[in-house]
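Biologist: I'm new to this one, so could you take a single part and walk me through it slowly? Pick a strand, and add a residue from elsewhere if you like.

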Amino acid sequence: MLTGDLVRLRALEPADSEPMWRWYHDPEVGRWMNSAPPISLAQNMAKGLDRPRNTFEQMLLGIEPLDDPRLIGYASLGDTDFVARDITLQSFAIGDRDAWGKGYATDALRVACRFVFEEAGMHRVTLWVAAENTAAVRAYERVGFVQEGRKRESFRTGGKLYDYLMMGLLASELTG
């Protein structure tokens, strides 16, 4: 387990499939997630049973508060380039609405980035985020991510197109 000031990051368990399925089906939580055709809870549970083992090339981590062992979110890292020492934060969410605004996202991002810099030997973390997802952008900026580019009208949600921001963080820029 990876521990921060407020949260721990851990490998996902099959039982974590149920809360994640709920988050994807909650319109407010799922608004900024990449859309996909809906799947049933049973299909999502089966997916959880077949989840590959975490490696430095691809990892999916659950986020839980230190004082409460319940899943509140997740972080997915992958597309690892060991030559450039670059990894992509593919998805990140605090899905439990009761956990919003409590600093869990910022702490979880710091823990994940510290891990990939110190343990996996990465030099850079790259991510894409919808420009209008201001809460996520603020959390990324709090740990040191900077905007490096914009992909116009490339994310669709709610029948609208939004810009994607490319953000990056170098190992020397991680704050906290």
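Modeller: Here is a close look at strand β2, followed by a look at T80.

A word on the ground rules: this is a predicted model, where local features need pLDDT of at least 70 and side-chain atom pairs count only at pLDDT 80 or more, while totals for chains, interfaces and linings use all residues. Residues are numbered from 1 along each chain as its sequence is written, and side-chain values use heavy atoms, with hydrogens and water left out.

Strand β2 covers residues 7-11, and four of its five residues are buried, so the rest of the structure largely encloses it. Strands here are DSSP E runs of at least two residues, numbered from the N terminus, and buried means under 20% relative accessible area with a 1.4 Å probe, protein chains only.

Now for its partners; two strands pair if DSSP finds at least two bridges between them. β2 pairs with β1 (residues 2-3) in the antiparallel sense over two bridges, with R8 as the bridge partner of T3. Three residues make the hairpin that joins β1 to β2. β2 also pairs with β3 (residues 59-65), again antiparallel, over five bridges, and there V7 stands opposite P65.

On to T80, which sits in strand β4 (residues 73-81). T80 counts as buried because its relative accessibility is 18%. Beyond its neighbours within four places in sequence, T80 is in contact (heavy atoms within 4.5 Å) with F56, E57, Q58, D86, I87 and M122. A polar atom of the T80 side chain lies 3.1 Å from the backbone oxygen of F56 and one lies 2.9 Å from that of E57.

Conventions. Buried < 20%, exposed > 50% of the residue type's maximum accessible area, 1.4 Å probe, protein only. Polar contact = N/O pair within 3.5 Å; in protein donor to acceptor, adjacent residues only side chain to side chain.
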